[in-house]
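Open your viewer, set the chain to cartoon, and keep the selection box handy. We will go from one selection to the next, with a short stop at each.

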Amino acid sequence: GRLSAEKGLPTLLAAWRRIGERLPLQLVGDGPVAGLVQEAARSQPGVTWLGRRPMSDVLDLVGRAKMLIMPSTWYETFGRTIIEAYAKGTPAGVSELGAMAEVVDHGVTGMQFRPVDSVHLAETVDELLAQPDRLAAMRIAARQAYEAKYTADRNYQMLLALYRRASAKHVGT
């Protein structure tokens, strides 16, 4: 990912000062705030910066992760990263903003937290860590959401249905 301030990295790193080594944080990517991430990796227990990685490596990391954290303070457009996590059966913790909040069903496929609120993010992560059965259920729900809404075949079927409805309305007018 692109390591920039609007992606919520200061919030994420502040939350991890509270969480510490209870849950390792692995950051992938590069960008304008890479120095901030490098410093956190040096000074904060449990934080690792992996730099840029090939997509296959990233997807493998996401699949093995307890959760994907997307703390963006920016109104993201779609949230492809979240869908990639769902494809791997990994729930997402996201800011309550825009498309991220639309894609993540709070308490089902992941959790939402207040944007720019590192304390709420840390509390949200702690809540999930304390409930491994709930986290396991979210993994299943994330994969089910992917299969129900985001596969190529499902999107093709939804697009065809949309075209059929539009054609039927046009013919009827």
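**Stop 1: the α1 and α6 pair**

Start by colouring α1 and α6, and look at how one passes over the other: the crossing is right-handed. This is a predicted model, so read each stop as a description of a prediction. To make the selection, take residues 9-19 for helix α1 and residues 118-129 for helix α6. Their axes lie 8 Å apart, and the packing angle is about 55°. That angle makes α1 oblique to α6.

Now show side chains on both helices. From α1, pick T11, L12, A14, A15, W16, R18 and I19. The residues they meet in α6 are S118, V119, L121, A122, V125 and D126. Colour this contact by class and you will find 9 nonpolar residues, along with 2 polar and 2 charged ones.

**Stop 2: S118, seen from α6**

Stay with the pair and select S118, which belongs to helix α6. Is S118 buried or exposed? With a relative accessible area of 19%, S118 is buried; the cut-off for buried is under 20%. Which residues does S118 touch, once its neighbours within four places in sequence are set aside? The contacts are T11, A14, A15 and R18. You have already picked these four in α1, on the side of the contact that faces α6.

**Stop 3: V116, in the loop leading to α6**

Next, step back along the chain to V116. Where is V116 placed? V116 sits in the loop between β5 (110-113) and α6. Check the backbone here: V116 has a positive phi of about 60°, although the residue is not a glycine. Switch on the surface as well, and you will see that V116 is exposed, at a relative accessible area of 56%.

**Stop 4: from α1 across to α2**

Keep α1 selected, hide α6, and bring in α2. Here the two axes come within 11 Å and cross at roughly 10°. α1 and α2 are therefore roughly parallel to each other. For the side chains, show L9, P10 and L13 on α1, together with L36, V37 and A40 on α2, as these make the contact. By class, this contact holds 6 nonpolar residues, with no polar and no charged ones.

Zoom in on L36, which lies in helix α2 (residues 34-43). Apart from neighbours within four places in sequence, L36 is in contact with P10 and L13. L36 counts as partly exposed, at 40% relative accessibility. If you would like to try the distance tool, draw a line from the C-alpha of L36 to the C-alpha of F78: the two are 26 Å apart in space and 42 residues apart in sequence.

**Stop 5: E102 and F78**

Leave F78 selected and add E102, whose place is in helix α5 (residues 98-103). How many residues lie between E102 and F78 along the chain, as a separation in sequence? They are 24 residues apart, with their C-alpha atoms separated by 8.9 Å. E102 is exposed, with a relative accessible area of 71%.

**Stop 6: on to α7**

Return to α6 and add helix α7 (residues 132-149). The axes of α6 and α7 come within 6 Å and cross at roughly 95°. α6 and α7 are therefore roughly perpendicular to each other. The contact is made by E127, L128 and L129 of α6, with P132, R134, L135 and M138 on the α7 side. Sorted by class, the residues of this contact are 5 nonpolar and 2 charged, with no polar ones.

**Last stop: the whole chain**

Clear the selections and zoom out. The protein chain has 8 helices and 5 strands, and along the sequence they follow the pattern α-β-α-β-α-β-α-β-α-β-α-α-α. Along its principal axes, the C-alpha trace spans about 65 × 35 × 30 Å.

Colour by burial, and 43% of the 173 residues count as buried. With the surface on, the accessible area comes to about 9600 Å², and carbon and sulfur atoms account for 55% of that. Finally, turn to the contacts with a separation of 6 or more: 56% of them are between residues 24 or more positions apart.

Conventions:
Residues numbered from 1 in each chain as written. Predicted model: local features only at pLDDT ≥ 70, side-chain atom pairs only at ≥ 80, totals over all residues. Heavy atoms only, no water. Axes fitted to C-alpha atoms, helices over the stretch in contact; angles between N-to-C directions. Helix = DSSP H or I, 4+ residues; strand = E, 2+ residues; numbered from the N terminus. Parallel < 35°, antiparallel > 145°, perpendicular 65-115°, else oblique. Left-handed = near helix turned anticlockwise from the far one by under 90°. Contact = heavy atoms within 4.5 Å. Nonpolar A, V, L, I, M, F, W, Y, C, P; charged D, E, K, R; others polar. Buried < 20%, exposed > 50% of the residue type's maximum accessible area, 1.4 Å probe, protein only. Areas by Shrake-Rupley, 256 points an atom, 1.4 Å probe, with all protein chains shown as cover.
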